[in-house]
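Here is a small set of exercises to work through with the model open beside you. Try each task before reading its solution.

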Amino acid sequence: MSKPKKKKEEDVYYITVGHDMVPIRVRIANKIIEVLREYPLLGEKDLVLRLITEDPKIKEYYKKTQSIAYIRSVLWELVRKKMVLKAKVLGDNKHVYFFLPEQINELKGKMVM
């Protein structure tokens, strides 16, 4: 009896694009990465506000839907894929802050492991 072979995961590299004709999901994901590069350790509320104020297409989407649920779902999808990491302040289990994997070395001095 042979065991079924495990699927090999392919190495995938993600890139950001700054094209005007990309879907809103891609635009939100790219803007999240861009904002976190400039401002690491932003909370969810501050991050969403920056996305809406800094990108006219995202602002237009928000005005049309009056909802941030889709923006939040894209953010948490990036967290699930470990493209965006989350942190909590010691003693405050309520708030979550976000940063990029490339910023982990900058933040190691502040981390408690």
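## Exercises on salt bridges, rings and helices

**Exercise 1. Classify Arg 37 by its accessibility, then find its partner.**

Step 1: Arg 37 has a relative accessibility of 47%, so this residue counts as partly exposed. Buried means under 20% relative accessible area, exposed means over 50%, and partly exposed lies in between (1.4 Å probe, protein chains only).

Before going on, a word on the ground rules. This is a predicted model, in which local features need pLDDT of at least 70 and side-chain atom pairs count only at pLDDT 80 or more, while totals for chains, interfaces and linings use all residues. Residues are numbered from 1 along each chain as its sequence is written, and side-chain values use heavy atoms, with hydrogens and water left out.

Step 2: The side chain of Arg 37 meets that of Glu 102 in a salt bridge, at 3.0 Å from N to O. The rule asks for a side-chain nitrogen of Lys or Arg within 4 Å of a carboxyl oxygen of Asp or Glu.

Step 3: Arg 37 belongs to helix 1 and Glu 102 to the loop between strand 3 (92-99) and helix 5 (104-107), so this pair ties together parts that are 65 residues apart in sequence. Helices (H or I, at least four residues) and strands (E, at least two) are DSSP runs, numbered from the N terminus.

**Exercise 2. Describe the salt bridge of Lys 31 and the network around it.**

Step 1: Lys 31 pairs with Glu 54, and their closest N and O atoms are 3.6 Å apart.

Step 2: Place both ends: Lys 31 sits in helix 1 (residues 24-38) and Glu 54 in helix 2, 23 residues apart, so the pair links distant parts of the chain.

Step 3: Compare the surroundings. Lys 31 counts as buried because its relative accessibility is 8%, whereas Glu 54 has a relative accessible area of 33% and is partly exposed.

Step 4: Follow the shared partners: salt bridges join Lys 31, Glu 34, Arg 50 and Glu 54 into one network. The full count by this rule is eight salt bridges.

**Exercise 3. Work out how helix 2 and helix 3 meet.**

Step 1: The axes of helix 2 (residues 44-54) and helix 3 (residues 56-65) come within 5 Å and cross at roughly 105°. Axes are lines fitted to C-alpha atoms, for helices over the stretch in contact, and angles run from 0 to 180 degrees between N-to-C directions.

Step 2: Helix 2 is therefore roughly perpendicular to helix 3, a label for angles of 65 to 115 degrees.

Step 3: Helix 2 contributes Leu 51, Ile 52 and Glu 54 to the contact, and helix 3 contributes Pro 56, Ile 58, Lys 59 and Tyr 62. Contact means heavy atoms within 4.5 Å.

**Exercise 4. Characterise the aromatic pairs.**

Step 1: There are two aromatic pairs in the structure. Rings of Phe, Tyr and Trp (its six-membered ring) pair if their centres lie within 6.5 Å; planes under 30 degrees apart count as stacked, over 60 as edge-to-face and the rest as tilted.

Step 2: Tyr 61 and Tyr 70 make a tilted pair, 5.8 Å centre to centre with 50° between the planes.

Step 3: Trp 76 and Phe 98 make an edge-to-face pair, with 5.4 Å between centres and 75° between planes.

Step 4: Phe 98 counts as buried at 0% relative accessibility, while Trp 76 is partly exposed at 26%.

How values were computed. Angles under 35 degrees count as roughly parallel, over 145 as roughly antiparallel, 65 to 115 as roughly perpendicular and the rest as oblique.
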